[in-house]
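Got the viewer open? Let's take a quick walk through the pockets and then along one helix.

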Amino acid sequence: MALNFRADLNCDMGESFGAYTMGRDEEILDIVTSANIACGFHAGDPAVMRRTVKLALEKDVAIGAHPGLQDLAGFGRRPMNISAKEAYEMAVYQIGALWGFVKAEGGRMQHVKAHGAFYNMAAKNAALAEAIAEAVYDIDPELILFGLSGSELIQAGNKTGLRTASEVFADRTYQEDGSLTPRTEPDALLTDQDTAARQVLRMVTEQKVQSVQGTDVAIQADTICIHGDKPTALGFAEHISEAFREAGIRIESCGKFL
């Protein structure tokens with residue numbers, strides 16, 4: 001039994017827009033403890049944002065803003081050459097939009113997690129990371145900043161005075177420097193649920209993950225991401241949740257233990 005271990009399960013959602021439907025948000029919200037809701041740049045729209053906020057509040061799931069690069073066609077996964085000033089402004093704009101919907105529905109936002117290329121760029125670029133952290137702090141210093149474990153985002157959040165949640169990924173492989181394997185690589189994604197569950201259990205209980213190069217990498221796992229845009233997302237969420245329960249790991253939103 002993995003006594004006294006706690007972890008948050010988060011999922012990116014609210015990524016439908018207009019006539020396009022993506023993900024199984026309503027079902028996944030029965031399993032996860034934190035929801036990262038798209039803010040209209042990489043996905044989502046005002047109607048979807050409001051609907052997803054309402055669903056999360058009904059199911060008592062903690063809410064976070066999921067700001068991304070302004071790239072609907074590329075789903076926010078294509079890097080862009082942006083300045084720290086632009087990163088700050090994009091983050092404030094999107095966080096503020098979701099904050100408005102959360103407040104209008106009588107809720108309170110828990111966290112902010114950058115999306116896709118915005119997240120990956122800031123994980124390695126200190127100036128972008130600091131801009132995002134400052135945007136979060138300026139809106140609400142009580143918000144938690146999510147970032148890749150060991151990344152510049154976590155360092156920037158701590159430096160700014162925010163609470164930070166070190167994030168790991170259930171369905172991604174890792175490089176020996178602790179970064180995620182780029183999606184352009186054939187071994188970037190884990191598709192087998194048992195393999196993913198074993199990896200994430202080890203990250204929580206041993207604070208280690210095996211890189212694709214075969215070396216162990218030290219890691220902090222406060223919150224575990226399950227990608228909501230994948231057809232297998234619901235099955236992954238159910239499988240990992242069950243594996244955690246069997247291991248005695250307590251699943252709860254990170255705002256309750258950070």
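Start by selecting helix 4 (116-124), helix 6 (152-160) and strand 8 (216-218): each gives at least two residues to the lining of the largest pocket. Keep in mind that this is a predicted model. Helix 4 has the largest share of that lining, with seven residues.

Now show the pocket itself, which holds about 680 Å³ of space. It is lined by 37 residues, and Gly116, Tyr119, Asn120, Arg172 and Leu180 are the closest to its centre. Colour the lining by class and you get 14 nonpolar, 13 polar and ten charged residues.

Next stop: the second largest pocket, with a volume of about 260 Å³. Pick Thr33, Asp60, Val61, Ala62 and Ser253, the closest to its centre among 16 lining residues. Helix 2 (46-58) and strand 3 (62-66) are the elements that supply two or more residues here. By class, this lining has eight nonpolar, three polar and five charged residues.

Then jump to helix 7 (residues 193-206). Put a distance between its end C-alpha atoms and you should read 19 Å; that agrees with the 20 Å expected because 14 residues are counted at 1.5 Å a residue. At the N-terminal end, Asp192 is the cap, with a side-chain oxygen 3.3 Å from the backbone nitrogen of Asp194. Just after the helix comes Gln207, with a positive phi near 60°.

Which residues of helix 7 are buried? Select Ala196, Ala197, Gln199, Val200, Leu201, Met203 and Val204. To see what covers them, add strand 1 (6-13), strand 6 (163-169), strand 7 (208-210), strand 9 (223-226) and helix 8 (233-247), which are included in that cover.

Methods: Residues numbered from 1 in each chain as written. Predicted model: local features only at pLDDT ≥ 70, side-chain atom pairs only at ≥ 80, totals over all residues. Heavy atoms only, no water. Helix = DSSP H or I, 4+ residues; strand = E, 2+ residues; numbered from the N terminus. Expected span 1.5 Å × (residues − 1). Buried < 20%, exposed > 50% of the residue type's maximum accessible area, 1.4 Å probe, protein only. Contact = heavy atoms within 4.5 Å. Polar contact = N/O pair within 3.5 Å; in protein donor to acceptor, adjacent residues only side chain to side chain. 1 Å grid on protein atoms, 1.4 Å probe; cavity = no way out; pocket = protein on both sides within 12 Å on 5 of 7 lines; lining within 4 Å. Points joined across faces, edges and corners; volume = space filled by probe spheres on them. Nonpolar A, V, L, I, M, F, W, Y, C, P; charged D, E, K, R; others polar.
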